[in-house]
Structure formats: C-alpha cells, structure tokens
Amino acid sequence: MKISPISFGSNNLIYTRHPANEYRIMRVSCHTSMFRSDMDWRAFSSVLSEYFKNSERVNIINGGCSDGSETYTLCLSLLNNADNHSAMKFFPISAYDYNEFMIDAVLGGYINLTPEDVVVLRENLGYKLGEYFMRLDNPPRNSMEKFKERKTTTYKVSDKLRHLVDYRRANILDVLEGMSDNTQNVVFMFRNAVPYLSTFEREKLFELIGKKLGSNTVMAFGGFDNNTYGSYIDATARKLGYLQKVKNGNSLVYLK
Ligand SMILES: C[S@@+](CC[C@H](N)C(=O)[O-])C[C@H]1O[C@@H](n2cnc3c(N)ncnc32)[C@H](O)[C@@H]1O
C-alpha cells in the first residue's frame, strides 16, 4: 500500500492511497473535530459505563483516530460521566491511524484546534479546559508547521490527558489480525472511515470483527459510515451477533 500526502491542514489533511488489491487510487480525508456532532458523547459514555459495569478492564480500540480529537473526546466524556475510579478501567485507550503525519503530531502531544473545537470544549469542560489543553503562543516549528491551518491554534495536550491514550501508526486491519480470537470486553470504534476502505478491505474488516471480537463487545461507526453503508453495516452487525442497536445521533452503536 502506497501513501502520499496531497494537502496539509491539521485535521483537514487529505491524502491518496493505493490499496494493494485495487487498481483505483483512493482519496482519504483525516477530517475530524472535538465532540464530533454525529455522536451524543455523553449518551455513548453512559452506555459504555452501564454495559461494562461488571468488567474490570475494557479495551477500547479507536481505529482511524486522525489527530486525536475523537480519542480525547471519548476520554473526557468517560471522565465526565463516571467517577475517576470507574473510568480508569477504560484507559489507556489504544488509538490507531495509518497516516504518519497525524500520528507524528499526536505523539508530540500537540493538537491544532479550530474556534469551533474551542467552543465545544468550553461547553463540555467549562473552567477545566485549561487542565487539558494549553494554548501555545510559540508552537514548535518542526512537525506542527506543516499541519498548520490558518484558522487553527496550536495547543499542548496536558500529560494527564495524553497519558490516557496509546497512539500508534497502524492499519486497523492489521490491528484486528494481531488480536486473539474471541477477545471479550472490547469497544471497537472505526468511525467515519469505512468509506475509505476498498470493497475487499471492508469485507475483511467485518470478517475480522466476527472472528476476533467475542461476547461483551461494542462496535461504533459514524454518521458518514451510516450515510454511505448504513444498511450494509446493520445487516452485517446482525449476522455477527450484534443484536442490540443503540440509538445515538446519526452514529451506529451495536452491542453483543
Ligand atoms: C474522516 S477521518 C475520521 C476521524 C475520526 N474517526 C472521526 O470520526 O472524527 C478518517 C481517518 O481514518 C484513517 N483511516 C482510514 N482507513 C484506515 C485504516 N484502514 N486503518 C487506520 N486508519 C485508517 C484516515 O487516515 C483518517 O485519519
């Protein structure tokens, strides 16, 4: 698989990818945002807390995490929803993206926030915003420079938030492949990225989900996935034993 960046702009980076098994070249967008509005994050973290109330450790796999906005949103929602002690069983979250620029930036502990991100973070965190994100007047030039979009501002992510996530560059299919069969207590998220897979990869994704994720697992997809492949995902989820579907915005959430 060959990857080449074609434009930069923080969470708006777009690149092309040539899947090994296809002739066509695919354009992949890293677009994301804090508290992305296709999901009610408070409701989602309540579902997770309730569903896993008897589990001691839950592995959250956040595939296609882009610049980390989604993973941090989930961390903050879980912390907001549960007392610190019961939220800890969800951490560290394992987050993956196969775009090296996204993973480089997120590993550096920086994030470029749009004015909309800051508004929604203020709404959700209030005065605690500064505990998690520190605005940088002189951001480091090295890796962030190429991600800079005019309307974004660079923030440093506090260690206490950053350490809740283990970020790695990987193809989500390889991550699943590497898991033991029938793993329990997993939350598998691959949101707003299904349309970027080739037909072969999409089928492989669900075949691996069926094989690797056992009982007591949750799957979540995004509004873009729902708009594009909603009925396919619904039918496949049922086939794989995810018989309970939870209503959450335009997102797809299934329990097994
Ligand atoms: C549109 S962004 C969605 C980001 C985030 N999940 C959200 O909903 O806001 C899609 C991300 O998925 C990543 N991606 C696509 N296919 C992937 C794969 N097979 N493995 C890992 N990351 C992938 C892309 O690099 C991109 O950063």
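What share of the 256 residues in this protein is buried? Let's start there, since it gives us a first feel for the fold. Buried residues come to 38% of the protein. Please keep in mind as we go that this is a predicted model.

Here is the overall inventory. The secondary structure comprises 11 helices and 13 strands. If you take the contacts with a separation of 6 or more, 77% of them link residues that are 24 or more positions apart.

Now, the sheet. Find the open sheet of 7 strands on your screens; its order is E9-E5-E4-E10-E11-E13-E12, and its pairing is mixed. At its edges sit strand E9, residues 165-169, and strand E12, residues 244-248, each of which pairs on one side only. Going from one strand to the next, the twist averages 15°. As a general reminder, strands of a sheet pair through backbone hydrogen bonds, and they can do so in parallel or antiparallel fashion.

Let me zoom in on E5. One of its partners is strand E4, residues 59-63, and these two strands pair in the parallel sense over 3 bridges. To see how they line up, look at Asn62, which stands opposite Ala95 in E5. You can also pick out Gly63, whose bridge partner in E5 is Tyr96. E5 also pairs with E9: the two run parallel and are joined by 5 bridges. A handy landmark for that pairing is Ser94, with Asp166 in E9 as its bridge partner.

So why do we call E5 largely enclosed by the rest of the structure? The reason is that 4 of its 5 residues are buried.

Next, a helix that belongs with this part of the picture. Helix H4, residues 100-107, packs on the sheet and touches E5 and E9. The direction of H4 makes about 150° with that of E9. Several residues of H4 are buried, namely Phe101, Met102, Ile103, Ala105 and Val106. After H4 comes Gly109, which has a positive phi, near 85°.

Let's move on to the core. The largest nonpolar core has 61 residues, and the members that touch the most others are Cys75, Ile93, Val187, Phe188 and Met219. Which helix gives the most to this core? That would be helix H2, residues 69-81, with 6 residues. For a closer look, try Val187: leaving aside residues up to four places away in sequence, Val187 touches Leu48, Val58, Ile60, Ile61 and Val218.

There is also a ligand here, so how many residues surround it? The count is 23, and the closest are Cys30, Thr32, Gly64, Asn192 and Ala193. Three elements give two or more residues to this shell: strand E3 (26-29), strand E5 (93-97) and helix H9 (172-177). By type, the shell has 9 nonpolar, 10 polar and 4 charged residues. You'll recognise E5 from the sheet, where it pairs with E9.

One last stop, at Lys211, which is found in helix H10, residues 199-212. Lys211 counts as partly exposed because it has 15 other C-beta atoms within 10 Å, where 20 or more would make a residue buried and 12 or fewer would make it exposed. Finally, compare Lys211 with Asn182: they are 29 residues apart in sequence, and their C-alpha atoms are 6.3 Å apart in space.

That's my tour, and thanks for listening!

Conventions
Residues numbered from 1 in each chain as written. Predicted model: local features only at pLDDT ≥ 70, side-chain atom pairs only at ≥ 80, totals over all residues. Core = buried A, V, L, I, M, F, W, Y, C linked by C-beta atoms within 7 Å. Contact = placed C-beta atoms within 7 Å. Near = placed C-beta within 6 Å. Nonpolar A, V, L, I, M, F, W, Y, C, P; charged D, E, K, R; others polar. Pairing = 2+ DSSP bridges. Axes fitted to C-alpha atoms, helices over the stretch in contact; angles between N-to-C directions.
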